[in-house]
Amino acid sequence: MGETGADQAGELRAPGTVEPRTPLVRQRPPAEGPKVRPRRTRKPRSTPAPRPGWQSLVLRTRHGVDRDCTVLDAGKQQVLHVSSGFFLRSKAEVRRRDRDGERVFVLRGRVLDLPMEIVIRAADGTRAARVRAKWRAPLVSPVKVRLADGTEWETTGSLAKRQYSLVTVDGPVIEVAQKQVQIRDSCRIEVADDVDPVLAAAIVWAIDELLRD
């Protein structure tokens, strides 16, 4: 009853006529920029605390031909400097703090000759220690250290990986670890309290020198 003329025309549409359809447009999501993963914040590595009754040092080697190195204490303060050279024989001087500091030990060695050894002497010329390695298999055979009083130490562990200890009949006196520091050419040295830390650093340097050549 209430239909308009337009509605009636729609119902009486001739057969066969097709009603136009509204095209469907697929909406694309807005373009996104490249995905950037958030950077993970690295936690600073904490330096392992020295065991009770032991001292902690870090022997840091410089790059270059001179093979100089510095020795830091547990507070990362430089306490020693090892100035070295090489001309047919290994030689080095261990000085307090820096290159111009007080000379404590002098190291002289023969690496190209047999046996492979480095002698450590005090500033007055008295012998403090002798470090000797086997020429045929220096990385496999233990390196032996003989102190001035006749006490003998020898290495145990992996010399190639720089993970070794110097032990006596009573147990370890020096422990060397490459993995516990962040710099590749550095190693951590743990020294028993009854061992001179300066002499310990000189012995570790001498072992590195024998194995390097």
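How many bridges join strand β8 to strand β9? Let's find out in a few close-up views of this predicted model.

**View 1. Strands β8 and β9 form a hairpin.** Three bridges join β8 (residues 144-147) to β9 (residues 152-158), and these strands run antiparallel. Look for K144, whose bridge partner in β9 is E154. Four residues lie between the strands, and in the turn you will meet G150, with a positive phi of about 95 degrees.

**View 2. Strand β9 is also joined to β10.** Here five bridges link β9 to β10 (residues 163-168), again in an antiparallel arrangement. E154 turns up once more, standing opposite V167 in β10. This hairpin has four residues between its strands, and R162 takes a positive phi near 60 degrees.

**View 3. R162 and D208 meet in a salt bridge.** Their side chains come to 2.5 Å, N to O. R162 lies in the loop between β9 and β10 and D208 in helix α2 (residues 197-212), so the pair ties together parts that are 46 residues apart in sequence. R162 is buried at 13% relative accessibility, and D208 is buried at 12%.

**View 4. E93 and R103 share a salt bridge.** The N to O distance is 3.2 Å. Because E93 belongs to strand β4 (residues 90-96) and R103 to strand β5 (residues 103-110), the pair ties together parts that are ten residues apart in sequence. E93 is buried, with a relative accessible area of 18%, while R103 is partly exposed at 35%. Together with R95, E93 and R103 are linked in a network of salt bridges.

Notes. Residues numbered from 1 in each chain as written. Predicted model: local features only at pLDDT ≥ 70, side-chain atom pairs only at ≥ 80, totals over all residues. Heavy atoms only, no water. Pairing = 2+ DSSP bridges. Helix = DSSP H or I, 4+ residues; strand = E, 2+ residues; numbered from the N terminus. Salt bridge = Lys/Arg side-chain N within 4 Å of Asp/Glu carboxyl O. Buried < 20%, exposed > 50% of the residue type's maximum accessible area, 1.4 Å probe, protein only.
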